[in-house]
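Q: I've got a new model open and I'd like to learn how to read it feature by feature. Could you walk me through it?

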Amino acid sequence: MRKAGIVGLVGALLLSSALLLFWNLPEGGREILLDIRLPELLLALSFGGLLGVGGCIYQGVLRNPLADPYILGVSAGGAFGATLGTVLNGNLEIFALMGGMATILLLLLVSLAFHDSLRVLLFGVGVNAFLSACVFFAYAVIPTLSLQEAIYFTLGFIPPVSIKEAFLLLLLSLALLLLLLPFSREVDALSLGEELSYFSGVQFRKEGVFLLALTSAVVSVFVAKTGIVGFVGIVVPHAVRFLGFRVHRELLPVSFLAGGALLIFSQAIARNVIYPTVLPVGVVASLIGVPAFLYILWRFSLVRS
């Protein structure tokens, strides 16, 4: 199943890329292909891959199968920071980074205080709802912003970027993956529980906090560009584990590939299904992700029974 899974993911990536690049491409649209669709492809690959990797780190470190930057409110914190940056005419990436880091700091304090992953998850759900409401409120009351922009920002979209910027963002997401891979053993140990990880020489207060902070920082920077995209970070790691990839040395790169393929496919559907209107990519990702998540839960329940 592992080899078949890799072949299937590569095939899905290639098919999704072809759909995004060539579906409804007008005749002689070389400039559209190179200036719009290719940067979209690179940005969707990098952000989808980042969300897949982020889900692996969050679920492993926090030992919670439902944890990811979206559910725990880190993406919403980045979005709220970027909104403040827009209002104050500041650098959106820096404000988003501050918003995301403040949120993960709050979650880490709650985690260290309660030592209960379920309480941390519920607290994060509340933070996510509160910060998302703050983003909508800001877009509603500030005359230079609009609620339509808030909808796209909170549902997630792939904005037009230059090919140079798209390459830089892809390099950033790949750099995070390369930085995280040497810590695969630590994430494996943390996923086994606090006591077992301690006897393995791994501590949540050191390695766990570092890995969560590093992942949250990069996710927040991306959120300043794309808004909030949900369910990719939850579904992708479970789907990859279902294919037989259990240890994080394998789980992280395969999840990057799967997350990228999923978001590229979502963007292809979002761009073309009611052409020329472009839907928020997060809407399509959620429509795909929720049934997939329910199917995965059903398969796990069969295995346990």
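A: Happy to. One thing up front: this is a predicted model, so what follows describes computed geometry.

Q: Let's begin with open space. What is the volume of the largest pocket, and which residues are closest to its centre?

A: With a pocket, start with the volume and then look at the residues around the centre. Here the largest pocket has a volume of about 380 Å³. Its lining has 20 residues, and the closest to the centre are Leu9, Val235, Ala239, Ala258 and Leu262.

Q: Which helices each supply at least two residues of that lining?

A: Helix H1 (2–22), helix H11 (232–242), helix H12 (248–272) and helix H13 (281–304) each do.

Q: And how does the lining of the largest pocket divide into nonpolar, polar and charged residues?

A: Sorting the lining by residue type gives you a quick feel for its chemistry. For the largest pocket, 16 lining residues are nonpolar and 4 are polar, with no charged ones.

Q: Now closed space. How many cavities of 30 Å³ or more does the structure hold?

A: There is 1. The largest cavity has a volume of about 40 Å³. Lining the largest cavity are Tyr58, Leu62, Ile104, Leu107, Leu108, Ser111, Val120 and Leu212. Helix H2 (30–62) and helix H4 (92–114) are the elements that give two or more residues to this lining, and H4 has the largest share, with 4 residues. By type, the lining of the largest cavity divides into 7 nonpolar residues, 1 polar and no charged.

Q: Which residues have the most contacts inside the largest nonpolar core?

A: For a core, look at how many residues belong and who has the most contacts. The largest nonpolar core has 83 residues, and those with the most contacts inside it are Ile57, Tyr58, Val61, Leu212, Val229, Val232 and Leu263. H2 brings the largest share of this core, 15 residues.

Q: Tyr58 came up twice. What does Tyr58 touch, beyond residues up to four places away in sequence?

A: Skipping sequence neighbours lets you concentrate on contacts made through the fold. On that basis Tyr58 touches Arg63, Ala67, Asp68, Pro69, Leu72, Val74, Ile104, Leu212, Thr215 and Ser216. Two of these, Ile104 and Leu212, also line the largest cavity, as does Tyr58.

Q: How do I read burial for a single residue? Is Ser46 buried or exposed?

A: Check the relative accessible area; under 20% counts as buried. Ser46 lies in helix H2 and has a relative accessible area of 0%, so it is buried. Outside its close sequence neighbours (up to four places away), Ser46 touches Leu169, Leu170, Ser173, Phe222 and Phe256.

Q: What about Leu176: buried or exposed?

A: Leu176 sits in helix H7 (residues 163–180) and is buried too, at 2% relative accessible area. Leaving out neighbours within four places in sequence, Leu176 is in contact with Leu50, Leu214, Thr215 and Val218. For a sequence-versus-space check, take Leu176 and Pro253: 77 residues apart in sequence, 11 Å apart in space, C-alpha to C-alpha.

Q: Can the same idea work for a whole helix? How many residues of H11 are buried?

A: Just count along the helix. In H11, 9 of the 11 residues are buried, so this helix is largely enclosed by the rest of the structure. Among the buried ones are Val232, Val235, His238 and Arg241. After H11 comes Gly244, which has a positive phi near 110°.

Q: Speaking of backbone angles, where are the residues with positive phi that are not glycine?

A: Asn24 is one, with phi of about 60°; Asn24 is in the loop between H1 and H2 and is partly exposed, at 31% relative accessible area. Phe231 is another, at about 75°, in the loop between helix H10 (204–226) and H11.

Q: And which residues does a cis peptide bond join?

A: Look at omega. The bond between Tyr275 and Pro276 is cis, with omega of about 10°, and Pro276 lies in the loop between H12 and H13.

Q: Last one: how do I compare a database annotation with the model?

A: Take the listed span and check its secondary structure. The unreviewed UniProt entry lists several spans as "transmembrane region", including 70–88 and 94–114. In the model, residues 70–88 are 74% helix and 0% strand, with end C-alpha atoms 25 Å apart. Residues 94–114 are 100% helix and 0% strand, and their end C-alpha atoms lie 30 Å apart.

Definitions and conventions. Residues numbered from 1 in each chain as written. Predicted model: local features only at pLDDT ≥ 70, side-chain atom pairs only at ≥ 80, totals over all residues. Heavy atoms only, no water. 1 Å grid on protein atoms, 1.4 Å probe; cavity = no way out; pocket = protein on both sides within 12 Å on 5 of 7 lines; lining within 4 Å. Points joined across faces, edges and corners; volume = space filled by probe spheres on them. Nonpolar A, V, L, I, M, F, W, Y, C, P; charged D, E, K, R; others polar. UniProt positions renumbered as here; feature names shortened; annotations may be inferred. Core = buried A, V, L, I, M, F, W, Y, C linked by side-chain atoms within 4.5 Å. Buried < 20%, exposed > 50% of the residue type's maximum accessible area, 1.4 Å probe, protein only. Contact = heavy atoms within 4.5 Å.
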